[in-house]
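Colleague: Before I trust the labels on this one, I'd like to go through them and hear how each was earned. Can you take me through it?

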Amino acid sequence: MTAALTDSADFVVVGTGAGGATAARVLAAAGHSVIMVEEGPRLAREERAPAFLDDMSVALRDMGTQTTVSATPMPLLQGRLVGGSTAINSGIVWRMPDDVRADWTERFGLGELVRADEQERIYGIIEDELEVAETRREVLGGNSLKMEAACRALGLPGQPMRRNARRCTGHDRTFQGCPGDAHQSMDVSYVPRALRDGARLHADARVERVTSEAGRATGVVGDRLDREGRVAGRFDFRARRGVVVAAGAIHTPVILLRSGLRGLVGERFQAHPGAAVVGRFADVIDMSFGAAQGYEVPMRADGFKLESLALPPEMLAARLPGAGPEWQERLAALDHFGQWVAETRMRAHGRVSVGWGGKPVVRYEPSADDLRIVQRAIALIARMMFAAGATEVYPGVARLPEVLTRADQVELIERAELRRADLHLLASHLFGTACAHADPSRGVVGPNLEAHALPGLFVMDASVFPTNLGVNPQHSIMTVVWRAAEQLALRGRAQRTA
């Protein structure tokens, strides 16, 4: 049998998404040796397929088929490549809401982690380094401009999105890899920066568990993979000062459970499930041009946020209702459709456990109140589309008409007694499962993100979030991780010079 690949450094960082890449960037810049470990491949731009479905096969975990375990499964979208989910998202930037910071301080004892002055400082650094800016009007595209028109007609608080893509030229290729690298996802920003500062990257390396000796984390072991995901050997990476696990809210708890941690590991899984509505307009929309997501309607007090979301033609065609000549007629008008989505701040909690073959099992069911919020959001989107001139609206709700042709028909959505099975939901913002709390009996990690049960093990991703945010989480993940990684870097430096 081939000998295991070995390597060692001050810190081993598992995962290269928003959390892991930020931790590596901070630790390497502070002069520590860092190993980055990523289950997926490192893909150059030319290796990302221009067709969305082709790219899904190499960039998304299980080609986007990962779901909750339920009578009505919910897809759970995650990137599986260097850059993690930042390499397949739109780069939307939202700072942590003040009420979230206050809640985490008062209820969870995390005041030092989310200090307002420190967050403000870190926001400034990240937003400068990752070229954060409001989406320029010339690259909004027809889909976003229609949403803007709807907001004006109905007096809604719409606004262009802030994204880490200041140089965006509107190619609508964010999900498949921005052609000009304008989208500052981790694979083109903090991973290369960490490498320039001396870090090393091991891609195609799936971590099985964290190793420990004398009650302290000492490294990670796992399988080396080929490009088809088959096991090609083993690895054993040693960490002199600490292991940072940042594999996301689904796979971080799996690694922790395999490593012997118990208690609240895997509990409090939370998400922002989304629902989509498609509308047909008389004038041309052309979703092939513009920012994939460029405009939003923040309605956080109501429990949701609305966003424009362009679809590639092959996926849009699958969303069109009808069959035979009716479907073909709509297909011929493909440039006349827009799609808007509702991201819901659900209150439900789920659980992640380890199933057959060591794979994660995610159990999560929205509450009745959560479903009512989705229902209101779908109805509002339908009204917005009619207000912006839609001739047809496709709400995508079972037991209701596939096609609405008049604004007064939106009442059918509002009055319906909807069941979970009536709604198609998809979750892309995932939280919890290794929650932070100052009290070891009520959390997995402490305010410095070190595991209560295993010194030297740190968790630095959205799994430490004790509540979900109600806004896009990427910026909050990076800011919280930056703060914790700075403190860890200083502690490591003090230990080295002692």
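Modeller: Sure, what follows is a run through the labels, and keep in mind that this is a predicted model.

Colleague: Start with the whole chain. What makes it as compact as a globular protein of that length?

Modeller: The chain's secondary structure comes to 12 helices and 18 strands. Its radius of gyration is 22 Å, and the globule rule gives 23 Å for 498 residues, so the value is close to the rule and the chain counts as compact for a globular protein of that length. Along the principal axes, the C-alpha atoms fill a box of roughly 70 × 45 × 45 Å. Buried residues make up 60% of the 498. Of the contacts with a separation of 6 or more, 74% are between residues 24 or more positions apart.

Colleague: Now the rings. Why is the pair of Tyr190 and Trp482 called tilted?

Modeller: A search of the whole structure finds seven aromatic pairs, and this is one of them. The ring centres are 6.2 Å apart, within the 6.5 Å limit, so Tyr190 and Trp482 pair. Their planes stand at 55°, which is neither under 30 degrees nor over 60, so the pair is tilted. It links distant parts of the chain, with Tyr190 in helix α6 and Trp482 in helix α12, 292 residues apart.

Colleague: And how do you know that both of those residues are buried?

Modeller: The cut-off is under 20% relative accessible area. Tyr190 has 1% and Trp482 has 4%, so both count as buried. Tyr190 has a charged neighbour too: Arg25 lies over the face of its ring, at 5.6 Å from the centre.

Colleague: What makes Phe269 and Tyr364 edge-to-face?

Modeller: Their centres are 5.4 Å apart, and the planes are at 85°; that is over 60, so the pair is edge-to-face. Phe269 sits in strand β10 and Tyr364 in the loop between β15 and α10, so the pair ties together parts 95 residues apart in sequence. Phe269 is buried at 0% relative accessibility, and Tyr364 is buried at 3%.

Colleague: Let's do helix α3. Why do you put its buried residues on the same side?

Modeller: The buried ones in α3 (residues 98-108) are Val100, Arg101, Asp103, Trp104 and Phe108. They cover an arc of only 160° around the axis, so they fall on the same side of the helix. The face turned away from that side carries the exposed residues Asp98 and Glu106. After α3 comes Gly109, with a positive phi near 70°.

Colleague: What does Trp104 touch?

Modeller: Leaving out residues up to four places away in sequence, Trp104 touches Met96, Gly109, Leu110, Val114, Phe465, Pro466, Thr467, Leu469 and Val480. Trp104 also forms one aromatic cluster with Phe431 and Phe465. In the largest nonpolar core, which has 78 residues, Trp104 is among those with the most contacts, along with Val220, Leu449, Leu457 and Met460. Helix α12 gives the most to this core, with nine residues. Apart from it lies another core, of 63 residues, including Cys151, Trp340, Val374 and Ile378.

Colleague: Ser463 is polar. How do you know that it is buried?

Modeller: Its relative accessible area is 0%, and the cut-off is under 20%, so Ser463 is buried. Ser463 lies in the loop between β18 and α12. Its contacts, not counting residues up to four places away in sequence, are Gly248, Ala249, Thr252, Phe431, Gly432, Thr433, Ala434 and Cys435.

Colleague: Last one. Why is Asp204 called buried, and why is Asp286 called partly exposed?

Modeller: Asp204 has a relative accessible area of 15%, which is under 20%, so it is buried. Asp286 has 25%, which falls between 20% and 50%, so it is partly exposed. Asp204 is in the loop between β6 and β7, while Asp286 is in the loop between β10 and β11. Neither residue is a glycine, yet phi is positive in Asp204, at about 55°, and in Asp286, near 55°.

Notes. Residues numbered from 1 in each chain as written. Predicted model: local features only at pLDDT ≥ 70, side-chain atom pairs only at ≥ 80, totals over all residues. Heavy atoms only, no water. Phe/Tyr/Trp six-rings, centres within 6.5 Å; stacked < 30°, edge-to-face > 60°. Helix = DSSP H or I, 4+ residues; strand = E, 2+ residues; numbered from the N terminus. Buried < 20%, exposed > 50% of the residue type's maximum accessible area, 1.4 Å probe, protein only. Lys NZ or Arg CZ within 6 Å of the ring centre and 35° of its normal. Arc of directions from axis to C-beta. Core = buried A, V, L, I, M, F, W, Y, C linked by side-chain atoms within 4.5 Å. Contact = heavy atoms within 4.5 Å. Rg over C-alpha atoms; globule rule 2.2 N^0.38 Å.
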